[in-house]
Amino acid sequence: MCRIGALKSRHYMHPSKALLLMQSQQKGHDNSGFAMVMQDLGGIFEDYKHLPTLSLACTDEGLKIAEDLLHAKGFRRVHQWVPETNPQPGLDIEAMPNYVFETFDYPKEYQDASDKEKGELLTDTRLELRAAMEEDEKGFAYSFWPDVITLKEIGDPRAIGTYFNLWEPNEDFTAKVITAQCRQNTNYAIVRYAAHPFFLQGYTALANGENTFYQKNKEFQSSLHRGYIGFESDSQCFLYSLHYVHKELGWPLPYYKHVVTPLPFEDLVKREDKAQLLAMRQSLAHLEINGPNTIIGVLPDNTMFTCCDAKKLRPVVVGRDEDTVAISSEVCGINEVLPDRNWEVDIYPNEREIVVIDDNLEVKRWKQ
Ligand SMILES: NC(=O)CC[C@H](N)C(=O)O
């Protein structure tokens, strides 16, 4: 079992809070990957929210490839942050030579383009960067999107925090939404791209558990969108189904749950919307998931949610105070970051609901 966690706050938070959320949940991972995605950025990125930031881990050669490619496409760099690292002997981390977070202005011919056109350009560019740096692991392009930063590395989450100086809070590197995962690899090779959360076009997902319909999901998803690639972890399928249902088909979030864990037939036929639900079930059967899992997701408007498999085989809890909502595999993580909250209002989501936190921090439970 991996451990997953998410924070959403009215105020900007430093990632030390996410490390704290994950720190007490030590049992459930094997140092095969730690990652976090920060969205709705503050600090030194606050003034650049409207422009895309590239999150890159690479060799010197990879950096040159990436910068040449972006330059050739007409992207102009307006901001750069290179985290100061703290390499100490004995730290369990497989560090890359460079970690670079760069914000770019769009190419001139895109200045008046629609958000959709810009989004397609960013997606194509990230895929090109990924392909160009793939050979010999010259680099990893995790996200290239406005107001998003992704950090992934292989090793012990505590050591990764130390390496990137993330334990000491400051005002420079902050966000209102942070998702994080400590991975226990249960499939395939240990590679950086396999560390959750996964990100595509404003959508973020991370998971605890297995997707035993991985093969079925993967084969179907590979034909649906050029961005549905990689599949280094079975959990990436959760992201791609979310993106497909919510963005490509344009369906409201509750239908995501109906697609991934449809109601049993006998319950479904009793519903007023049975015609839609049946059609959905038939046409998107390949997106159903199976196995024990809990998913946390974030939508482009920073709505955050969590839902579980149809048997509720993996834990998750949602806790809150006035200013912050935390989602975590284990309640001990929430106790660390929100020690003074009213724990009586903690929510332990069940197998037939989605718990949703909107941008006003209202927490809603949607029954499937
Ligand atoms: N242990 C877990 O929850 C693993 C999640 C997922 N199966 C992966 O390997 O990435």
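In this predicted model, the second largest cavity has a volume of about 50 Å³, and the space it encloses is the one taken by the ligand. Its lining is made up of Cys 2, Arg 183, Gln 184, Thr 186, Asn 187, His 196, Ala 207, Asn 208, Gly 209, Ser 233, Asp 234 and Ser 235. Sorted by class, these lining residues comprise two nonpolar, eight polar and two charged ones.

Turning from the cavity to the ligand itself, one finds 14 residues surrounding the ligand, and the closest are Cys 2, Arg 183, Gly 209, Ser 233 and Asp 234. The shell that they belong to divides into two nonpolar, nine polar and three charged residues. Several individual contacts can be traced within this shell. An N or O atom in the side chain of Arg 183 is 2.7 Å from an oxygen atom of the ligand, and an N or O atom in the side chain of Ser 233 is likewise 2.7 Å from a ligand oxygen atom. At Gln 184 the backbone is involved, for a polar backbone atom of this residue is 2.9 Å from a nitrogen atom of the ligand. The protein covers 100% of the 290 Å² of accessible area that the ligand has on its own.

The ligand's cavity is one of six cavities of 30 Å³ or more, and the largest of them holds about 190 Å³ of space. This largest cavity is lined by 17 residues, of which Arg 126, Arg 130, Tyr 142, Phe 199 and Tyr 240 are the closest to its centre. By class, its lining has 10 nonpolar, three polar and four charged residues. Several elements contribute to that lining, since helix H3 (115-134), strand E6 (139-146), strand E7 (148-153), strand E9 (198-200) and helix H6 (236-248) each supply at least two residues.

Two features of the backbone remain to be pointed out, and each of them lies in a loop that leads to one of the strands just named. The peptide bond from His 196 to Pro 197 is cis, with omega near -5 degrees; Pro 197 is found in the loop between strand E8 (175-182) and E9, while His 196 is also among the residues that line the ligand's cavity. The other feature concerns Asp 136, whose phi is near 60 degrees, a positive value in a residue other than glycine. Asp 136 has its place in the loop between H3 and E6, two elements that each supply at least two residues to the lining of the largest cavity.

Notes
Residues are numbered from 1 along each chain as its sequence is written. This is a predicted model: local features need pLDDT of at least 70, side-chain atom pairs count only at pLDDT 80 or more; totals for chains, interfaces and linings use all residues. Side-chain values use heavy atoms; hydrogens and water are left out. A residue is near a molecule or strand if one of its heavy atoms lies within 4 Å of it. A polar contact is a pair of N or O atoms within 3.5 Å; within protein, one must be able to donate a hydrogen and the other to accept it, and residues adjacent in sequence count only if both atoms are side-chain atoms. Accessible areas come from the Shrake-Rupley method with a 1.4 Å probe; for residues, only the protein chains shown count as cover. On a 1 Å grid over the protein atoms alone, a cavity is a set of points where a 1.4 Å probe fits but cannot get out, and a pocket is an open set with protein on both sides within 12 Å along at least five of seven lines; lining residues have an atom within 4 Å of a point. A molecule sits in a cavity or pocket if more than half of its atoms lie within 2 Å of its grid points. Ala, Val, Leu, Ile, Met, Phe, Trp, Tyr, Cys and Pro count as nonpolar, Asp, Glu, Lys and Arg as charged, and the others, Gly among them, as polar. Grid points are joined across faces, edges and corners, and a volume is the space filled by probe spheres set on the points. Helices (H or I, at least four residues) and strands (E, at least two) are DSSP runs, numbered from the N terminus.
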